[in-house]
Amino acid sequence: MEVDESDSDVEDLELKQYIDEIYQSRVGDYTKCKTYDIVPNTVASHPSGISSVAATKHMRWLYTGGEDGEIRKYDFINSINGQSLLTQVQKHYYVESVTQNAVFVSSWENDEYVPEEDDYLLEKYGKKKVALKGDETKKDDKTGSPPVKLSKKELKIEQEFNNEMQNQTEYLYRRKSPVYSLDIHSQAIFGLSGFKSGTINLWTLRHDEGTCHHSFREHTGIVSCLKLSADEKSFASGSWDKTVKIWDLNNGETIHTYTEHKTQISSLAYQPKNIAENDPVTDSPIFMRPTEDSLLLTTSADGKTYLWDKRSSTPARSLVLNDNKTPPWALSSCWSADGSIVYIGRRNSTVDEWDVKEGKLIRQLSLPKGSGPVYNVKCLPNSKQIICASNDNIRMWNLMENETVLDKEHILSNKLGVPQVSFIIIPGHHGGMISEIYIDPTCRFMITSSGNRGWEEKTTNICLFYTIKPIKN
């Protein structure tokens, strides 16, 4: 099949113009607006829960990590532009504004390549040597015992074992794992995915997509969080083995290992900073973003949160209430747009607001009764709203209205209640755990996914794409 080069050039030019349009949008519209209008219009349905979401810098490609062990790639631009529409029957399952189906591109299995010394199949099938096919009465070589005729079940197991061995050349076996965490290079050159066993795989994305080039093996539990650094030469990982590690992508070795947490790591985030008005490469407007000297925010399931400076092995700041009544269980935390405040979502339907410089609790935001645990929080660039996902809905909170600040003694004693902050409900999700909220660098789009991340919560198995529009008045 011949390809008309002129048509290809036109498509590339249109794509470049579309990307430039996104990055040349006025920053002031999104950073100084009063509020936002966030509406879902596209859905990506999955056969299982979605534990992780990542995208390229210009939102050209979107990747999702499923609990079925598949990494899926979507054409985000064509999806949001409505290239594939839902049928009338499919529309009934979603809110009225969702009319488009995500454009699926490709997928590959999140396989862990297992060397012979870490063979799991021998544990599954047993280390007993069985007869080869066609020789059902072969003697045991070691004991010389009388021949034993194998049953049909044993023959079936043996055949599966032999087939698995034949399918592997470079490694002895492969095993499939849910994609508990995922992060992607800004230009889709490589990607990282976390495994149940504690392994982290480095995948190629631009060429030979889905090829594993290296496995990082130091964690001993589920790798629940992955985050590339600003220069994309290192990355941070958090695990259920209660440790946070900083890895060097040049040599594959760990730079730091933080052991302050006492329970599973649930969230990682680098501090955003205002480094320039325009991107030094594209000369396009940008929002505040992490830098090489940004602090690392880590949160564990017991609710404790620490800030780390990569030059030190001890926490730069501890955001922990020294009281037995500290609200337990936190699955998510995030920075404010300017990096001066940290928000922590709690199991008891509250969100903590912390001052980073002082290390003090400012206030707690209380969700309506029956909302369930706060699964995810994300701040918007105007610093006036945050996105808060709980079991019943996703809400956008207005932090500037009805401000009431209580000291921590009043909050812990609950004598005066908790300050109420107005919010609006963002349509789309309902009745499931929200595993990820991703907002693109220009704040034009938001992606949300539903998955349990290994926490055995109820999920809806959908990923929704939203458009964000600023409202000035």
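These questions and answers walk through a predicted model of one protein.

Residues are numbered from 1 along each chain as its sequence is written, and side-chain values use heavy atoms, with hydrogens and water left out. In this predicted model, local features need pLDDT of at least 70, side-chain atom pairs count only at pLDDT 80 or more, and totals for chains, interfaces and linings use all residues.

Me: How many helices and strands are there in the protein?
Reply: Helices (H or I, at least four residues) and strands (E, at least two) are DSSP runs, numbered from the N terminus. Counted that way, the protein has seven helices and 33 strands.

Me: What percentage of the 473 residues is buried?
Reply: Buried means under 20% relative accessible area (1.4 Å probe, protein chains only). By that cut-off, the buried share of the 473 residues is 51%.

Me: Is Asp352 buried or exposed?
Reply: Asp352 sits in strand 25, residues 350-355. Its relative accessible area is 0%. The cut-off for buried is under 20%, so Asp352 is buried.

Me: With which side chain does the side chain of Asp352 make a polar contact?
Reply: A polar contact is a pair of N or O atoms within 3.5 Å; within protein, one must be able to donate a hydrogen and the other to accept it, and residues adjacent in sequence count only if both atoms are side-chain atoms. Contact in general means heavy atoms within 4.5 Å. Leaving aside neighbours within four places in sequence, Asp352 has contacts that include Tyr343, Leu361 and Arg363. The polar partner of its side chain, at 2.8 Å, is Arg346.

Me: Which strands are the edge strands of the open sheet with the order 17-20-21-22?
Reply: Two strands pair if DSSP finds at least two bridges between them. This open sheet has four strands with antiparallel pairing. An edge strand pairs on one side only, and that holds for strand 17 (265-270) and strand 22 (315-319).

Me: Which residue in strand 21 is the bridge partner of Thr298?
Reply: Strand 20 (residues 296-300) and strand 21 (residues 305-308) pair in the antiparallel sense over four bridges. In strand 21, Thr298 is matched with Tyr306.

Me: Over which residues, with 25 contacts in the model beyond near neighbours in sequence, is the pLDDT below 50?
Reply: pLDDT is the predictor's confidence in each residue, from 0 to 100. Its mean for the protein is 81, and 74% of residues reach 70 or more. Where pLDDT is low, the predicted coordinates should not be read in detail. The stretch asked for is residues 124-142.

Methods. Buried means under 20% relative accessible area, exposed over 50%, partly exposed in between (1.4 Å probe, protein chains only).
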